[in-house]
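Trainee: Please take one helix of this model and go through it closely, from its geometry to what packs against it. After that, a few individual positions elsewhere in the chain would be useful.

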Amino acid sequence: MMSTDTGSPRIVTTDQLFRFAGHALEQMIDIVTGLGDELANTRPDLPGANSPYQILTHCLGVVSFWAGRGIAGRAVTRDRDAEFSAAGSPAALAVRAHTAVARLRSDLAALLPGEPLRHPPRPDWRPQGRETEFTQEEALVHILEELYQHLGHLELTRDLLRHRP
């Protein structure tokens with residue numbers, strides 16, 4: 001459950017947060033698989049744009065790193081740069097994503113409210129402007145932040161790819 005630093009009562013459960021995270025990932029899976037092999041691996045003609053496959057791959061890296069490593073304490077090897085050059089079968093990525101959703105549920109069972117991350121990120125991996133370590137709950141909120149930000153990117157990317165001249 002989530003708590004505040006002021007000792008206020010817990011207001012959000014990990015189950016509630018998991019439902020939102022799972023919902024975002026399921027929407028991403030539907031978008032990527034719905035685009036088919038070619039469009040899922042196509043980048044819009046915009047500077048720095050990523051393909052739908054790359055966006056979902058990056059989100060799986062985010063979830064694995066922050067929940068698996070930070071909250072559950074699992075050993076996680078992440079090549080963040082490779083997430084943005086990834087390509088492949090949307091169907092195979094969907095299988096990986098569904099596995100990640102199930103793993104997220106088990107990772108969240110290890111959450112210790114108010115405790116620091118079991119394995120904090122390198123200082124250069126902290127979100128911009130963040131100088132102190134995250135608590136496990138803050139990492140979960142950060143996961144939601146990233147998933148919904150990238151869901152929006154993915155929706156725009158899908159629309160651009162489907163309606164390109």
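Mentor: The expected span of a helix is 1.5 Å times one less than its number of residues. Keep in mind throughout that this is a predicted model. Helix H4 runs over residues 90-108, and for its 19 residues the rule gives 27 Å. The C-alpha atoms at its two ends lie 26 Å apart, which agrees with that expectation.

At the start of H4 there is a polar contact to record: a side-chain oxygen of Ser-89 comes to within 3.2 Å of the backbone nitrogen of Ala-91.

Next, burial along the helix. The buried residues of H4 are Pro-90, Leu-93, Ala-94, Ala-97, Ala-100, Val-101, Leu-104, Asp-107 and Leu-108. Around the axis they take up an arc of only 135 degrees, which places them on the same side of H4. Val-95 and Ala-102 are on the other side of H4, and they are exposed. The cover over the buried residues of H4 includes helix H1 (14-40), helix H2 (52-71) and helix H5 (136-162).

Of these, the packing of H1 can be described in detail. Two packed helices are described by the angle between their axes and by the distance between those axes. For H1 and H4, the axes come within 9 Å and cross at roughly 175 degrees. An angle over 145 degrees counts as roughly antiparallel, and H1 and H4 are therefore roughly antiparallel to each other. On the H1 side, the contact is made by Thr-14, Asp-15, Phe-18, Ala-21, Leu-25, Glu-26, Ile-29, Val-32, Thr-33, Gly-36, Asp-37 and Ala-40. H4 contributes Pro-90, Leu-93, Ala-94, Ala-97, His-98, Val-101, Leu-104, Arg-105 and Leu-108 to this contact. Several of these H4 names have already come up, among them Leu-93, Ala-97 and Leu-104, which are buried.

Now the individual positions, beginning with a pair. Glu-83 is in helix H3, residues 80-83, and Gln-54 is in helix H2. Glu-83 has a relative accessible area of 6%, so it is buried. Gln-54, at 4% relative accessibility, also counts as buried. Along the chain the two are 29 residues apart, while their C-alpha atoms are separated by 5.9 Å. Setting aside neighbours within four places in sequence, Glu-83 is in contact with Gln-54, Thr-57, His-58, Gly-61 and Arg-78. With neighbours within four places in sequence left out again, the contacts of Gln-54 are Arg-43, Glu-83, Phe-84, Ser-85 and Ala-86. One of these partners, Phe-84, has its backbone oxygen reached by the side chain of Gln-54 at 3.0 Å.

Gly-70 is another position in helix H2. Its relative accessibility is 1%, so Gly-70 counts as buried. Not counting residues up to four places away in sequence, Gly-70 touches Phe-65, Leu-117, Arg-118, His-119 and Gln-136. Gly-22 is 48 residues from Gly-70 along the chain, and their C-alpha atoms are separated by 18 Å.

In helix H5, consider Ala-139. With a relative accessible area of 0%, Ala-139 is buried. Leaving aside neighbours within four places in sequence, Ala-139 is in contact with Trp-66, Ile-71, Leu-117 and Phe-134. Ala-139 and Gly-129 are 10 residues apart along the chain, with 15 Å between their C-alpha atoms.

Last, the loop between H4 and H5 holds Pro-113. Its relative accessible area is 30%, so Pro-113 is partly exposed. Pro-113 and Glu-146 are 33 residues apart in sequence, and the distance between them in space is 21 Å, C-alpha to C-alpha.

Key:
Residues are numbered from 1 along each chain as its sequence is written. This is a predicted model: local features need pLDDT of at least 70, side-chain atom pairs count only at pLDDT 80 or more; totals for chains, interfaces and linings use all residues. Side-chain values use heavy atoms; hydrogens and water are left out. Helices (H or I, at least four residues) and strands (E, at least two) are DSSP runs, numbered from the N terminus. Buried means under 20% relative accessible area, exposed over 50%, partly exposed in between (1.4 Å probe, protein chains only). The arc is that of the directions from the helix axis to the C-beta atoms. Contact means heavy atoms within 4.5 Å. A polar contact is a pair of N or O atoms within 3.5 Å; within protein, one must be able to donate a hydrogen and the other to accept it, and residues adjacent in sequence count only if both atoms are side-chain atoms. Axes are lines fitted to C-alpha atoms, for helices over the stretch in contact, and angles run from 0 to 180 degrees between N-to-C directions. Angles under 35 degrees count as roughly parallel, over 145 as roughly antiparallel, 65 to 115 as roughly perpendicular and the rest as oblique.
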